[in-house]
Every structure is written in C-alpha cells, then in structure tokens.
Amino acid sequence: MIITLAGENSFARQRELQQLVDAFVAKHGDLALERLDGEEADFARLHAALTGLALFADEKLVVLRSPGSNKQFNEKFEQLLGEIPETTDVILIEPKLDKRTAYYKLLKSKTDFRDFPEPDQNGLARWLAEAAKAQGASLSSADARYLVERVGSNQQLLASELDKLILYDPKISRQTIELLTEAAPQSTIFQLLEAAFAGNAKRTLALYAEQRALKVEPPQIIAMLTWQLHVLAIIKTAGDRSGDTIAKEAKINPFVIRKSQGIARQLSLTELKALVKKLQKIDVASKRTNIDPDEALQHYLLSLSN
C-alpha cells in the first residue's frame with residue numbers, strides 16, 4: 001500500500017498521518033516504522049528504505065516527507081514502484097506538488113492519493129462547529145465564523161482555541177470567544193481597512209485603538225497595511241482570474257484573497273496607487289522626522305472613510 005498525503009493544509013494532513021502511523025504501530029510495533037526527509041536524505045538512502053525488508057517485523061512502514069524534492073527520486077519513482085516489497089507500506093508526504101509533472105500524475109494514478117487543500121472561511125467554520133459537536137460542546141455557525149475572523153485561518157491555532165473554549169464552557173458564545181481569545185493582528189488590520197472603506201469612522205478608530213492596546217506598534221501597523229494594499233494590488237491587476245487562481249499564482253491563502261475582493265471592487269487602480277504612495281510618505285516621515293505616527297495613521301485611515 002502506497003499512500004500520498006498532499007496539499008498545504010498541514011493540520012489535516014498531519015492528523016491523517018498520525019492516524020495511519022498509530023494504526024500501523026499498534027499492530028506491528030514502532031521498530032517497524034522508518035521516517036526519512038526527502039530534502040535531506042540522498043537517493044541511495046531513500047531507495048534502501050523502500051526496497052529493504054523489515055528486520056524486526058513481518059511488515060514495515062516507510063514515511064517519506066517531500067521525497068519529490070529529490071531529483072533522482074522524482075525521475076526514478078515509476079521504476080521504484082516495481083521494487084517495493086509487498087510487505088512494505090509507504091506514506092509519501094507532498095505539501096506542494098506541480099500538477100504539470102509526470103511525478104504528480106504517477107502519484108495520482110499509482111498511489112492512494114489524498115489531497116488536503118487549505119479550507120476557506122466557510123469550511124473552517126463548518127469544521128469548528130462539527131469539532132465542537134464531536135466533543136459534546138455547542139458552537140453556532142455564526143460564532144464559528146466570528147472565531148475564524150477573530151483568530152485567523154491557521155487551523156492548528158483554531159483547534160487549540162476551540163479546546164480552550166470548550167474547557168471553559170462547552171456552550172461557546174461570542175462573549176466567551178472575546179473573553180478567552182486574542183484578535184490576530186493581521187485579521188484585525190483587514191477589519192480596520194474594511195471599516196474605513198465602509199465609511200465607519202467610529203469603528204475604524206476603535207479598531208485602531210484595539211491594535212495599539214494589543215501592543216501593535218505603528219511600524220507594524222504600517223507593515224500590515226502595506227501587505228493588505230499589496231494583496232489589493234494583486235487582485236486589481238489579476239484581470240478576470242478567479243479568486244482561487246489568484247491565490248495559487250500569488251501564493252497567498254485563498255481565504256485572504258476572498259476576504260479582500262470586496263474592498264478591491266471599491267477601488268480604482270489609480271486610487272490604490274495613491275493610497276500606497278500616501279502610506280509610504282507616512283512610513284518615511286515616521287523614520288526621518290518627529291511626526292506623531294499614531295496621529296498620521298489615524299488621519300490616513302479616516303481619509304479612507306471619507
């Protein structure tokens with residue numbers, strides 16, 4: 001049996017790997033397990049692990065992380081498939097694959113291919129609600145979405161926050177989410193821009209104050225605003241490409257692209273360039289003069305509201 005665990009969702013991929021390894025070790029013992037990193041081991045070592053027989057058990061499991069990064073392995077993979085003994089199970093972990101390559105096509109056709117893409121906001125919210133239910137807790141769809149918006153799209157972090165919330169009170173509410181979790185700075189920076197472009201000056205200033213209360217300094221806020229403007233620029237210049245295509249080509253989380261498309265639609269490319277230039281002036285002035293960066297940034301954000 002040869003299984004490929006692909007995709008950039010490290011949380012789901014690692015969970016699947018752990019379940020497979022635990023089941024094998026429970027049956028055959030940990031001496032029958034061998035792990036290798038394809039980015040570090042040479043081809044001879046990888047070949048020996050796959051083709052050699054188990055020394056201390058009837059069967060063995062070989063776990064290879066990113067073996068496709070090894071050029072020889074990539075080129076000789078089809079040949080290797082015929083050399084692996086029936087008593088050897090193999091798990092190939094390939095977070096990033098080029099779908100145009102022969103190697104990818106072989107993995108798809110010749111192995112048990114399991115893909116774990118990064119989930120979007122709705123997918124994460126559904127997963128949180130289901131995970132809470134599985135642990136005997138309750139979390140509404142609306143509050144699950146709020147938790148994703150507040151904490152961010154890192155599934156491992158969301159899992160930890162969910163465990164903490166359930167331990168405090170199995171009936172999870174927005175109030176307990178706000179009490180026990182901290183807003184992710186980058187997520188809140190997006191909310192800050194969203195409020196500004198929506199013309200909500202009061203919320204804009206409140207979110208800025210929240211950032212400062214979280215000990216996020218003006219240079220960090222400038223850096224995160226720059227990143228958000230960078231994302232908007234990518235979307236504005238992407239033509240009629242879909243959000244998923246933009247995310248893949250720009251190597252940005254699809255969740256970030258989809259969240260930013262609404263703001264991008266409100267701006268012309270000329271307006272966006274002006275915003276970038278104005279933020280750059282604030283950045284330069286904050287480093288070379290004695291301006292108050294807080295005052296300058298708040299004025300910048302309020303100008304967006306207008």
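# Strands, cores and a pocket in a predicted model

Six bridges join strand β3 (residues 60-65) to strand β4, and the two strands run parallel. Between them the chain passes from β3 through helix α3 (residues 71-81) to β4, a β-α-β crossover that is right-handed. The structure is a predicted model. This briefing treats its paired strands, its nonpolar cores and its largest pocket in turn.

**Strand pairing**

- In the pairing of β3 with β4, Arg65 stands opposite Ile93 of β4.
- Strand β4 covers residues 88-94, and β1 pairs with it in the parallel sense over five bridges.
- Two positions illustrate the pairing of β1 with β4: Ile2 stands opposite Val90, and Leu5 has Ile93 as its bridge partner.
- Strand β1 also pairs with strand β5 (residues 112-115), again in the parallel sense, over four bridges.
- Within β5, the bridge partner of Leu5 is Arg114.

**Burial of β1 and β4**

- Strand β1 (residues 2-6) is mostly covered, with five of its five residues buried.
- From β1, Ile2, Thr4 and Ala6 point one way, while Ile3 and Leu5 point the other way; all are buried.
- Strand β4 is likewise mostly covered, since seven of its seven residues are buried.
- Thr88, Val90, Leu92 and Glu94 point one way from β4, whereas Asp89, Ile91 and Ile93 point the other way, and all of these are buried.

**A closer view of Thr88**

- Thr88 is found in strand β4.
- Is Thr88 buried or exposed? Thr88 counts as buried because its relative accessibility is 1%, and the cut-off for buried is under 20%.
- Leaving aside neighbours within four places in sequence, Thr88 is in contact with Met1, Leu50, Gly52, Lys60 and Val62.

**Nonpolar cores**

- In soluble globular proteins, nonpolar side chains tend to be buried together.
- The largest nonpolar core in this model has 37 residues, and those with the most contacts inside it are Leu225, Leu297, Tyr300 and Leu304.
- The elements giving two or more residues to this core are α9 (185-197), α10 (201-213), α11 (218-236), α12 (243-250), α13 (254-266), α14 (269-288) and α15 (293-305).
- Which of these elements gives the largest share of this core? The answer is α11, with nine residues.
- Leu225 touches Ile189, Leu193, Leu279, Leu297 and Leu301, not counting residues up to four places away in sequence.
- Another core lies apart from the largest one and has 22 residues, among them Leu124, Ala144, Leu158 and Phe255.

**The largest pocket**

- Rolling a probe the size of a water molecule over the atoms shows where empty space is left.
- How much space lies in the largest pocket? The space in the largest pocket is about 940 Å³.
- The largest pocket is lined by 24 residues, of which Glu8, Pro95, Leu97, Lys99 and Lys248 are the closest to its centre.
- At least two residues of the lining come from each of α4 (102-110), β5 and α12.
- Helix α12 gives the most to the lining of the largest pocket, with four residues.
- Two of these elements also appear under earlier topics: β5 pairs with β1, and α12 gives two or more residues to the largest nonpolar core.

Definitions and conventions:
Residues are numbered from 1 along each chain as its sequence is written. This is a predicted model: local features need pLDDT of at least 70, side-chain atom pairs count only at pLDDT 80 or more; totals for chains, interfaces and linings use all residues. Side-chain values use heavy atoms; hydrogens and water are left out. Buried means under 20% relative accessible area, exposed over 50%, partly exposed in between (1.4 Å probe, protein chains only). Two strands pair if DSSP finds at least two bridges between them. A nonpolar core is a set of buried Ala, Val, Leu, Ile, Met, Phe, Trp, Tyr and Cys residues joined through side-chain atoms within 4.5 Å. Contact means heavy atoms within 4.5 Å. A crossover is right-handed if, with the strands pointing away from the viewer, the path from the first strand over the helix to the second runs clockwise. On a 1 Å grid over the protein atoms alone, a cavity is a set of points where a 1.4 Å probe fits but cannot get out, and a pocket is an open set with protein on both sides within 12 Å along at least five of seven lines; lining residues have an atom within 4 Å of a point. Grid points are joined across faces, edges and corners, and a volume is the space filled by probe spheres set on the points.
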